Amino acid sequence: MQRQHDRGASKNRNHFTEHKNRSRISSERTVGRHEVWSWKAASKESLCLMWQKVRVQLMLSMSFLTAVFWYCRRLYSFLAQLLKRWSNYLQRQLIRNLSVLPEVDLLGYSAREWKGETKQAKQMREAYEDLFRSCHIKYLRQVRRDNYSVIRAVLFQIFSQGIPFPSWMKERDILKLPEKLLYSQGCNWIQQYSFGPERYTGPNAFGKLRKCMEALKTNWAEISATRDHEERGSMCNTLFSDESKEYKLYEAIKFIMLYEVVEAYEQIKSRGKPVHNLFSLLFDRDSSSDPLSFMMNHLNSIGDSICLDQVELSLLGYLFEVKIRVYRLHRFNTEEFQVKYPAEYRREWNEIALLTEDDHYYHIPLFRT
């Protein structure tokens, strides 16, 4: 009995101990789960707080970037408009100053300039249509309508085509021509030379003529040495939009014409080598029977009140060794519709073309095939 009693008591103690251990383990597990939950909750809360801060920073950054982008866009738009307006202004100023305007459609120009049903208007439109169909002239460059018109049209084409100096200019220094004419040939009367609208400069004529010759030589050499057609055209547009510079070129050309007339006159007097027939035509006129009368009655007024006539246009072509083909629209359907100046020329000379409606103002025709 006693032994059974001891066995029951031991069994009860073991059962109690096991129950106690189980309770302790369960309590420890509960505490552990609570600690894990607390750690997860703290971590989650920390992450939420951190995300809120980051989100605020991101929102501020995005707002800032949006404002910067909007500002840059507005600034870009403003600068683009400003640049466009400035470019248009410069273009208008350049076109306004250009003495040779950009090309325009030939028939469009004819329709604008010769409206109406008068006999003259119909004849001009018909002449332009003939140029378009038969001569392959599709475009036109208008030249400023003043008394330098024909010299400007000829010189612009010489420069834009890159035509080099004529052979005689390669052999002689044109800068010395005023000095030679004044001192070597005793032409003191060149002090009466006038520069277009500026008349009778007196002793200053020699110095001004030399500057004009320097301008012609420098610009001609620089432009003719430029091989790229577009670059050469840009240089011509710049030069022929500067009134003071281009007038120096025209006065230099006028003086070269005078110099050649003096040379031819001296050769005729001394019965030296034969001169071109155009000089006989020039000296046969009562108004230009000698170099002085040629200067006083013709050259001095060119650029002021008159322009070159046909004899002087032949002289211009002869000096520059170019064949000048002129389409004279007011002579349409006659033998004088197309004329070449000078009438006698060498085959190797370059050719340039002019277009005139009245033998006074000239434009530049452009060919397209």
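**A walk through the predicted chain**

At 18% relative accessibility, Arg-325 counts as buried, a term that here means under 20% relative accessible area, with exposed meaning over 50% and partly exposed in between (1.4 Å probe, protein chains only). This is a predicted model, in which local features need pLDDT of at least 70 and side-chain atom pairs count only at pLDDT 80 or more, while totals for chains, interfaces and linings use all residues. Residues are numbered from 1 along each chain as its sequence is written, and side-chain values use heavy atoms, with hydrogens and water left out.

Arg-325 lies in strand β3, residues 322-328, where helices (H or I, at least four residues) and strands (E, at least two) are DSSP runs numbered from the N terminus. Leaving aside neighbours within four places in sequence, Arg-325 is in contact (heavy atoms within 4.5 Å) with Gln-338, Val-339, Lys-340, Glu-351, Ile-352, Ala-353 and Leu-354.

The chain as a whole holds 12 helices and 6 strands, and of its 369 residues 39% count as buried. Among contacts with a separation of 6 or more, 73% come from residues 24 or more positions apart.

The 6 strands form an open sheet of mixed pairing, in the order β1-β2-β6-β5-β3-β4. Its edge strands are β1 (104-105) and β4 (338-341), each of which pairs on one side only; two strands are taken to pair if DSSP finds at least two bridges between them. At one edge, β1 and β2 pair in the antiparallel sense over 2 bridges, and Asp-105 has Tyr-139 as its bridge partner in β2. Strand β2 (residues 137-141) is mostly covered, with 4 of its 5 residues buried, and 4 bridges join β2 to the antiparallel strand β6 (residues 362-367), where Ile-364 stands opposite Arg-141. At the other edge, β3 and β4 are antiparallel over 4 bridges, and Val-326 has Val-339 as its bridge partner in β4.

Charged side chains add further links, and a search of the whole structure finds 18 salt bridges, each defined as a side-chain nitrogen of Lys or Arg within 4 Å of a carboxyl oxygen of Asp or Glu. One of them joins Glu-351 and Lys-323 (3.1 Å, N to O); Glu-351 lies in strand β5 (residues 350-356) and Lys-323 in strand β3, so the pair ties together parts that are 28 residues apart in sequence. Glu-351 is partly exposed at 31% relative accessible area, whereas Lys-323 is buried at 13%. Another salt bridge is formed by Arg-368 and Glu-103 (3.2 Å, N to O), and this pair links distant parts of the chain, with Arg-368 in the segment after β6 and Glu-103 in the loop between α1 and β1, 265 residues apart. Arg-328, Arg-331, Glu-336 and Asp-359 are linked in a network of salt bridges.

Among the helices, α4 (residues 149-160) has 12 residues that at 1.5 Å a residue should span 16 Å, and its end C-alpha atoms are 16 Å apart, which agrees; the expected span is 1.5 Å times one less than the number of residues. Because 12 of the 12 residues of α4 are buried, the helix is largely enclosed by the rest of the structure. Just after α4, Gly-162 takes a positive phi of about 70°. Leu-79, by contrast, is found in helix α1 (residues 2-97) and is partly exposed, with a relative accessible area of 44%.
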